[in-house]
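Thanks for making time. I will go through one structure with you, one region after another. Please have the sequence and the model open.

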Amino acid sequence: MSDAAVKTKQDAAGANPAAEQDLTDGFHLVIDALKLNGLNTIYGVPGIPITDFGRMAQAEGIRVLSFRHEQNAGYAAAIAGYLTKKPGVCLTVSAPGFLNGLTALAHATTNCFPMILISGSSEREIVDLQQGDYEEMDQLAIAKPLCKAAFRVLHAADIGIAVARAIRAAVSGRPGGVYLDLPAKLFGQVINADAGAKSLVKVIDAAPAQIPAPDSIKRALDVLKSAKRPLIILGKGAAYAQADEAIKNFVEKSGVPFLPMSMAKGLLPDTHPQCAGAARSTVLKDSDVVMLIGARLNWLLSQGKGKSWGEAPKKFIQIDIEPKEMDSNVEIVAPVVGDIGSCVDALLAGIDGKWPAPPAEWTNAVKAKRDDNIAKMAPRLMNNNVPMDYHGALGVLRTIIKERPDAILVNEGANTLDLARGIIDMYQPRKRLDVGTWGIMGIGMGQAIAAAIETGKPVLCVEGDSAFGFSGMEVETICRYNLAICIVIFNNDGIYRGTDVNKVSDDPAPTVFVKGARYDKMMEAFGGVGVNVTSPDELKRAVNAAMDSGKPTLINAVIDPAAGSESGRIGNLNPQSVLKKK
Ligand code: ADP
Ligand code: MG
């Protein structure tokens with residue numbers, strides 16, 4: 001029984017000396033259920049009806065991190081799930097707080113991150129009759145289509161089973177977001193403490209291994225062996241799986257060039273001799289067999305077809321935990337369904353000792369292309385131009401991550417994202433966190449905070465000025481918890497570029513911000529360190545000082561407003577008007 005449950009008993013006894021029962025209540029049953037299952041951190045925003053719950057959870061030893069907006073708390077919980085393989089927990093108030101958290105829940109589901117959104121809600125009787133309760137909303141119905149599973153608990157005795165179901169739903173199979181609806185009345189419901197303790201469930205084997213069928217492994221290896229120009233694509237599902245050694249062994253024993261998707265960078269170092277990151281277009285176009293490991297053929301891979309995949313016929317092998325992912329866009333000739341750890345172990349066993357290296361003609365061609373591209377880029381990364389361009393600034397950050405490979409890099413923006421992804425090499429698994437499957441802006445501060453809390457490693461957060469704006473108020477949160485986070489804002493005065501002009505009125509153009517804005521002052525306002533830098537040398541000094549000190553720091557890096565391009569690398573996704581621009 002928790003201390004607080006004992007206290008409830010004492011209070012109850014004080015109020016009614018005749019009461020002989022030990023009592024507990026909804027508040028404490030939720031706390032005990034989370035703790036029993038090792039969920040010891042909550043990201044959220046307090047308010048009715050969960051304010052006391054947060055206090056009690058903190059008193060009971062759960063780490064409760066209060067944010068300034070639920071969406072950021074939700075993004076923190078989502079990435080905590082990705083980093084730990086345990087559901088990240090986000091706690092919100094009803095209706096508006098719930099809706100603010102819902103974006104993150106949908107994001108977690110889309111990205112296959114395990115997360116549980118717990119929201120307080122208004123009274124069922126009033127909500128269902130639509131009689132206008134405080135923050136009235138049928139939250140369960142709204143959450144359902146946006147998550148893997150959604151549950152509501154009406155009786156305190158059901159809390160244990162509900163939390164267990166939520167955990168299992170979030171982490172088993174393809175991970176995702178789960179919604180748990182807790183009406184205000186539930187928290188205060190009192191039940192016998194023994195019955196309460198017995199109602200709790202410690203989830204056993206929450207994400208059971210899913211062993212691939214031996215036939216599917218043989219088929220996949222036969223196809224891979226037949227390749228003249230094989231390629232392995234590693235996705236963030238592979239990084240999530242935490243099967244790092246097995247994946248590294250498999251890639252190395254197979255000798256096949258590999259291409260990491262954005263968040264899979266570092267699973268093997270980007271500087272690995274088999275890494276084809278700098279030869280991306282070549283390997284996509286020219287490969288004849290592609291093995292996907294925890295990566296989907298979605299828009300990030302042009303759905304597996306079209307110009308970027310070239311003319312040559314291709315065979316796809318796909319390793320994924322979700323059977324329905326197979327054939328989603330193109331034919332998968334060798335589907336392997338199972339968890340990545342088990343699948344890669346089985347593949348490794350199948351190639352042990354007797355695997356022919358891929359044709360040298362192919363591996364040499366990939367290597368030549370890669371070395372050529374890297375050599376072409378190198379001088380641009382060493383420029384010390386003022387005003388700074390992206391390459392000069394990123395060249396510096398690239399060296400800093402090379403020297404501090406266990407730091408976590410959070411990255412969002414348009415040009416800031418696309419160029420940093422290509423330029424900054426990663427050396428260790430799960431060190432690069434970014435905008436994920438939706439390419440959303442706003443994940444920055446939530447991810448940075450969760451990364452610092454969950455890993456204890458220093459965090460470098462590289463943000464476009466626009467991207468930062470979505471979650472910028474959380475610099476107060478960073479200062480309040482004194483987190484070792486260094487935010488670098490690539491400030492080019494606007495979205496994509498800061499040079500757009502409105503030709504018809506005094507209003508600024510839709511894509512530009514205040515010129516010469518000093519984001520560093522925001523950090524100073526809360527007691528953190530703010531630095532304004534205008535050259536790559538200054539940037540280097542400021543970031544190193546921040547990473548050494550571990551103090552919350554925000555560096556306003558002034559970038560040439562003309563340096564970016566529209567929508568970064570995905571400008572092609574903008575629809576075009578047939579009418580001439582004014
Ligand atoms: P990326 O954006 O890096 O390409 P995606 O999010 O598109 O990655 O793909 C991740 C894939 O990994 C999803 O299809 C998901 O089902 C799968 N996945 C996630 N976790 C596991 C796991 N433990 N084992 C197998 N597959 C997994
Ligand atoms: Mg900008």
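I will cover a strand, a metal site and a group of helices. Keep in mind throughout that this is a predicted model.

Let me begin with strand β11, residues 289-293. How many of its residues are buried? The count is 5 of 5, so to speak of the strand as mostly covered is fair by definition. The side chains go two ways: Val 289, Met 291 and Ile 293 point to one side of β11, while Val 290 and Leu 292 point to the other. Residues of both sets are buried.

Now the neighbours of β11. Strand β9, residues 230-234, runs parallel to β11 and is joined to it by 5 bridges. In that pairing, Pro 230 is opposite Val 289. Strand β12, residues 315-320, also pairs with β11 in the parallel sense, again over 5 bridges. Here Met 291 of β11 stands opposite Ile 317 of β12.

Next, the metal site. Which protein atoms are donors to the magnesium ion, ligand 2? They are an OD atom of Asp 465, OD1 of Asn 492 and the O atom of Gly 494, at 2.0 to 2.1 Å from the ion. Along the chain these donors follow the spacing D-x26-N-x1-G. Asp 465 belongs to helix α20, residues 465-469. Gly 494 is in the loop between β17, residues 485-491, and α22, residues 520-525. The two are 29 residues apart, and the pair links distant parts of the chain. Both Asp 465 and Gly 494 are buried.

On to the helices. The axes of α16, residues 360-381, and α17, residues 390-403, come within 8 Å of each other and cross at roughly 100°. That angle makes α16 roughly perpendicular to α17. On the α16 side, the residues in contact are Met 377, Arg 380 and Leu 381. They meet His 391, Gly 392, Gly 395 and Arg 398 in α17. Sorted by class, the contact has 2 nonpolar, 3 polar and 2 charged residues.

Last, helix α18, residues 415-423. Here 7 of the 9 residues are buried, so α18 is largely enclosed by the rest of the structure. Which residues of α18 are buried? They are Asn 415, Thr 416, Leu 417, Asp 418, Leu 419, Ala 420 and Ile 423. What do these buried residues pack against? Their partners are the helices α16 and α17, together with β14, β15, β16 and β17. The last of these, β17, came up earlier, at one end of the loop that holds Gly 494.

Terms used
Residues are numbered from 1 along each chain as its sequence is written. Chains are lettered from A and ligands numbered from 1 in the order in which they are written. This is a predicted model: local features need pLDDT of at least 70, side-chain atom pairs count only at pLDDT 80 or more; totals for chains, interfaces and linings use all residues. Side-chain values use heavy atoms; hydrogens and water are left out. Buried means under 20% relative accessible area, exposed over 50%, partly exposed in between (1.4 Å probe, protein chains only). Helices (H or I, at least four residues) and strands (E, at least two) are DSSP runs, numbered from the N terminus. Two strands pair if DSSP finds at least two bridges between them. Donors are N, O and S atoms within 2.8 Å of the metal (3.2 Å for Na, K and Ca); water is not among the atoms, so sites may look incomplete. Axes are lines fitted to C-alpha atoms, for helices over the stretch in contact, and angles run from 0 to 180 degrees between N-to-C directions. Angles under 35 degrees count as roughly parallel, over 145 as roughly antiparallel, 65 to 115 as roughly perpendicular and the rest as oblique. Contact means heavy atoms within 4.5 Å. Ala, Val, Leu, Ile, Met, Phe, Trp, Tyr, Cys and Pro count as nonpolar, Asp, Glu, Lys and Arg as charged, and the others, Gly among them, as polar.
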